[in-house]
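Hi,

Here is the structure I promised to pass on. Have a look at it first, then read my notes underneath.

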Amino acid sequence: MNHIIETQQFNREWLENEFFPEVIKMKQRPKENSLNSLAGKEMISFFYEPSTRTRLSFELAMKRLGGQVVFSTENAKEFSSVAKGEIIEDTVRVLCGYGPDVIVLRTDQAGMAQRAADFSTVPIINAGDGDHQHPTQALTDIYTIYSERGRVDDTVIAMCGDLSRGRTVRSLAYLISKFSGIKIYFISPEAARMRDDIKEHLKENKIPFEEVADLREIASGVDVIYDTRIQEERGALLMKYGKTAFWTVNQEVMKMMKEDAIVMHPLPRLEEISPEVDDDARAAYFRQATNGLYVRMALLNMILG
Ligand code: NCD
């Protein structure tokens, strides 16, 4: 069974030898269903939280490969039995009983994707579980670094924003630690620092990291700025954190950055990336979002094809 639950499950060899080539294959194929490799396969996309990119790109990916989306909701908390208090284990058993080939699941609590996988008879893809992980976003992110820079090794990356609640930075930190020559800067409000589990993992894997107070201190030396928003729906209050100024990417920061550095963001962005930098070729976040489609096509093809 090929569940995708957290990024620790992947290794470098798989990323480089199987995953990246499959994404490139998906990117290069014409839009028509020339592969049609998932004909007859069915996806359920069951989201307890809002989503634009993740749900849409998964469903589009399924359709582009000739498969079907048989049920989709991003309001599972209101419009499914979850609203009546059904636990994830029961929901998953019922969904599996209908015989889909894959379930894409976004939940609002850490660990729920694993709980679902423990009871599922079909692959579960974690599309974000609370403040824990978002593995397919991190796979999109690592592929974007690879495609923009030509390699992942020797990347100095600044991870900024809500590092304690943001699941994408957590998943990316695990994934990038599989490469060499990596250095990570963490820039966040005091109350939103990267949690100890990730820091311990980086130490064990001998990945140097440093917490710095202001993005502008290190902007000239980084290859990637990975910005994130404050996760207000997870209880993070911007008021409490004060202004985002010290990790805002604006013209001032772009002027400091290297010519070949890039700015990434899982989106949605709020004020932490000023729209004035969108037209700069180094602003990679919309290309990153597009990559998310090809990454999800590649994953579905590898799991179900
Ligand atoms: C992210 C998420 O859901 O964690 N969004 C996404 O899937 N691209 C980031 C966020 O919501 O801040």
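**Starting in the first sheet**

Phe47 stands opposite Arg106, which sits in β3. Keep in mind as you read that this is a predicted model.

The strand pairing around that spot is between β1 (residues 42-47) and β3 (residues 102-107). These two run parallel and are joined by five bridges. How many strands does the whole sheet have, and in what order? There are four, arranged β2-β1-β3-β4, with parallel pairing, and the sheet is open. On the edges you'll find β2 (68-73) and β4 (124-129), each of which pairs on one side only. Going from one strand to the next, the twist averages 10°. Helix α4 (residues 88-97) packs on this sheet, where it touches β1 and β3. The direction of α4 makes about 155° with that of β3.

**The second sheet**

There is another open sheet to find, this one with five strands in the order β7-β6-β5-β8-β9. Its pairing is parallel. Why do β7 (209-211) and β9 (262-264) each have a side without a neighbour in the sheet? Both stand at the edges and have a single partner strand, so one side of each is left open in that sense, with no neighbour in the sheet. If you ignore direction, neighbouring strands here are turned by 20° against each other on average.

To see one of the pairings up close, go to β6 (residues 183-187), which runs parallel to β7 and is joined to β7 by three bridges. Ile184 is a handy place to look: its bridge partner in β7 is Phe209.

While you're in that part of the chain, stop at Lys206, in the loop between α8 (196-204) and β7. Phi of Lys206 is near 55°, which is a positive value in a residue other than glycine.

**Two domains**

The chain is split into domain 1, covering 7-133 + 292-304, and domain 2, covering 135-289. Notice that domain 1 is written as two stretches of the chain. Between the C-alpha centres of the two domains there are 25 Å. The contact between them takes 31 residues from domain 1 and 28 residues from domain 2.

**The largest pocket**

Now for the pockets. The largest pocket holds about 430 Å³ of space. Of its 20 lining residues, Arg106, Arg167, Arg229, Leu267 and Pro268 are the closest to its centre. You've already met Arg106, as the residue in β3 that stands opposite Phe47.

Where does the lining come from? At least three residues are drawn from each of domain 1 and domain 2. Looking at the helices, α2 (53-64) and α7 (167-176) each supply at least two residues. By class, the lining has seven charged, nine polar and four nonpolar residues.

Two of the residues closest to the centre of this pocket, Leu267 and Pro268, deserve a second look. The peptide bond from Leu267 to Pro268 is cis, and its omega is near 5°. Pro268 lies in the loop between β9 and α12.

**The second largest pocket**

The second largest pocket has about 180 Å³ of space. Its lining is made of 14 residues, and nearest its centre are Arg53, Ser57, Ala289, Thr290 and Leu293. Which elements give two or more residues to this lining? They are α2, α6 (135-149) and α12 (285-304). The largest share comes from α12, with six residues.

This lining, too, draws at least three residues from each of domain 1 and domain 2. By class, seven of its residues are polar, five are nonpolar and two are charged.

If you'd like a route through the model, begin with Phe47 and Arg106, then go to the largest pocket, where Arg106 is among the residues closest to the centre. From there, step to the cis bond between Leu267 and Pro268, and finish at α12, which gives six residues to the lining of the second largest pocket.

Cheers

Conventions. Residues are numbered from 1 along each chain as its sequence is written. This is a predicted model: local features need pLDDT of at least 70, side-chain atom pairs count only at pLDDT 80 or more; totals for chains, interfaces and linings use all residues. Side-chain values use heavy atoms; hydrogens and water are left out. On a 1 Å grid over the protein atoms alone, a cavity is a set of points where a 1.4 Å probe fits but cannot get out, and a pocket is an open set with protein on both sides within 12 Å along at least five of seven lines; lining residues have an atom within 4 Å of a point. Grid points are joined across faces, edges and corners, and a volume is the space filled by probe spheres set on the points. Ala, Val, Leu, Ile, Met, Phe, Trp, Tyr, Cys and Pro count as nonpolar, Asp, Glu, Lys and Arg as charged, and the others, Gly among them, as polar. Domain bounds come from an automatic or database domain assignment. Two strands pair if DSSP finds at least two bridges between them. Axes are lines fitted to C-alpha atoms, for helices over the stretch in contact, and angles run from 0 to 180 degrees between N-to-C directions. Contact means heavy atoms within 4.5 Å.
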